[in-house]
Amino acid sequence: MKYIIIDLEWNGASTQEGFFNEIIEIGAVALDDAMTVTGEFQAFVAPKQTRKLRGRIKELTHITNDDLKNADGFITVFRKLKAWIGKEEDNCMLSWGNSDITVLYENLKRYNLLDEIYVIKHYCDAQLLCQKAADISLAKQIGLSAFAELIGVEIGEEQLHRAINDSRLTAKCLARMFTPALYAEFAKKADRIFYERMNFKSYNLQDIYDEQVIFSDFMAECPVCGTFMKRLSRFTYRNKKHYARYCCALCGRQFNISHTLKITYDGLEHKKLFHEIKDEEETESEEQTENTVQETAQPEGSGE
Ligand SMILES: [Zn+2]
């Protein structure tokens, strides 16, 4: 397997066809099965759609308009990258977080070159693999340099937020954390479904009568005694959740249940959260109680 660690820099700007993250630099490092560097790729890309670099991008990357003046356009650079990847060997592309692969897809789409993305056979999020290996919750998003520091990988003098340097640093972190088991856990076949899933925008459903909703999913068992509960109120929708009040026929406990209906690539996801209603007084000022809880969750000035 050939592992290709990629990092992109891009310039985001409004264009006639909407906001576009236009790639301005591609950096990549190739690793073999022993995690040894076997090659590198670096190229600037002359922006065609967004023209001038945004100030923030110039500051962050130190890439100048001059650097890009004599660069090839995206199509030429991508075809050079493709040739560098080669097709003799099975490969897997890795990047720190999935935004690089998303932006690569966006750029290929803009130039009607989506078919060429299949030069990449598998994809693996190096950030997920590394964080899991370091026993860091995947819910957290650790930046590349912060992670490198954490595991004691030398960052060196090189300018970060430059594609080639970031891919070298990712490669160093990966070489340190890689195991075949973790790879098997996070690598995915980079087929059409992979990209469809990647580009799918999940959303919360407001209409409980939508045809995707299964109405029996609104039934709930009492979390204390396991008996099916009776719904006492209609549903109200707020904060992207559907709320209703339920009562257990056996033990008499009452609950406010929030239902979250989320449409994902794989279909409807129905999540329930139970809040027990302790006594009548509380239920009357339910709205207020919830607000108070939110406020006290972040106390100000702990006196230290
Ligand atoms: Zn019960």
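How many Å separate the centres of domain 1 and domain 2, taken over C-alpha atoms? In this predicted model, the separation is 42 Å. The domain assignment places residues 2-199 in domain 1 and residues 203-294 in domain 2. This pair of domains makes a good starting point for a first look at the structure.

Across the whole protein there are eleven helices and twelve strands. The protein is more spread out than a compact globule, because its radius of gyration is 25 Å, well over the 19 Å that the globule rule gives for 304 residues. Taken along the principal axes, the box filled by the C-alpha atoms is roughly 75 × 50 × 40 Å. Of the 304 residues, 25% are buried. Contacts reach across the sequence as well: among those between residues at least 6 apart, 61% join residues at least 24 apart.

A convenient place to enter the fold is an open sheet of six strands, which has mixed pairing and the order E3-E2-E1-E4-E5-E6. E3 and strand E6 (188-189) stand at its edges, and since each has a single partner strand, one side of each is left without a neighbour in the sheet. At the E6 end, the pairing with E5 is antiparallel and consists of two bridges. Here Tyr123 stands opposite Lys188 in E6.

Moving to the other end of the sheet, strand E2 (residues 18-31) pairs on both sides. E1 and E2 run antiparallel and are joined by 13 bridges, with Tyr3 opposite Leu31 in E2. The two strands form a hairpin, and two residues lie between them. E2 also pairs with strand E3 (residues 37-44), again in the antiparallel sense, over seven bridges. In this pairing Ile26 faces Ala43 in E3. E2 and E3 form a hairpin too, with five residues between them. E2 is largely enclosed by the rest of the structure, because ten of its 14 residues are buried.

The turn of that second hairpin deserves a short visit. Met35 lies in the loop between E2 and E3, and its phi is near 65 degrees, a positive value in a residue other than glycine. Most residues other than glycine have a negative phi. Met35 is partly exposed, as it has 14 other C-beta atoms within 10 Å.

What lies at the heart of the nonpolar packing? The largest nonpolar core has 44 residues, and those with the most contacts inside it are Ile4, Ile5, Ile26, Ala28, Leu94, Ala126 and Leu174. The largest share of this core, seven residues, comes from E2. Ala28 gives a view of the surroundings: leaving aside neighbours within four places in sequence, it is in contact with Ile4, Ile5, Ile6, Glu40, Phe41, Leu81 and Ser167.

Helix H5 (residues 126-133) has five named residues in the interior: Ala126, Gln127, Leu129, Cys130 and Gln131 are its buried residues. H5 lies across E1, E4 and E5, and runs at about 50 degrees to E5. Its buried residues pack against strand E1 (2-15), strand E4 (91-95) and strand E5 (122-125), and also against helix H6 (144-150), helix H7 (163-177) and helix H8 (180-186). Following the chain onward leads to Asp135, found in the loop between H5 and H6. Asp135 has a positive phi of about 60 degrees although it is not a glycine. Asp135 is exposed, with 6 other C-beta atoms within 10 Å.

Besides the largest core, a second, separate core has six residues, including Tyr246, Cys248, Phe255 and Ile257. Ile257 belongs to strand E11 (residues 254-264). Is Ile257 buried or exposed? Ile257 counts as buried, because 20 C-beta neighbours lie inside 10 Å and the cut-off for a buried residue is 20 or more. Leaving aside neighbours within four places in sequence, Ile257 is in contact with Ala220, Ala244, Tyr246, Lys272, Leu273 and Phe274. Ile257 and Phe235 are 22 residues apart in sequence, while their C-alpha atoms are 9.7 Å apart in space.

How values were computed
Residues numbered from 1 in each chain as written. Predicted model: local features only at pLDDT ≥ 70, side-chain atom pairs only at ≥ 80, totals over all residues. Buried ≥ 20, exposed ≤ 12 C-beta atoms within 10 Å, placed from the backbone. Helix = DSSP H or I, 4+ residues; strand = E, 2+ residues; numbered from the N terminus. Contact = placed C-beta atoms within 7 Å. Domains from an automatic or database assignment. Pairing = 2+ DSSP bridges. Rg over C-alpha atoms; globule rule 2.2 N^0.38 Å. Core = buried A, V, L, I, M, F, W, Y, C linked by C-beta atoms within 7 Å. Axes fitted to C-alpha atoms, helices over the stretch in contact; angles between N-to-C directions.
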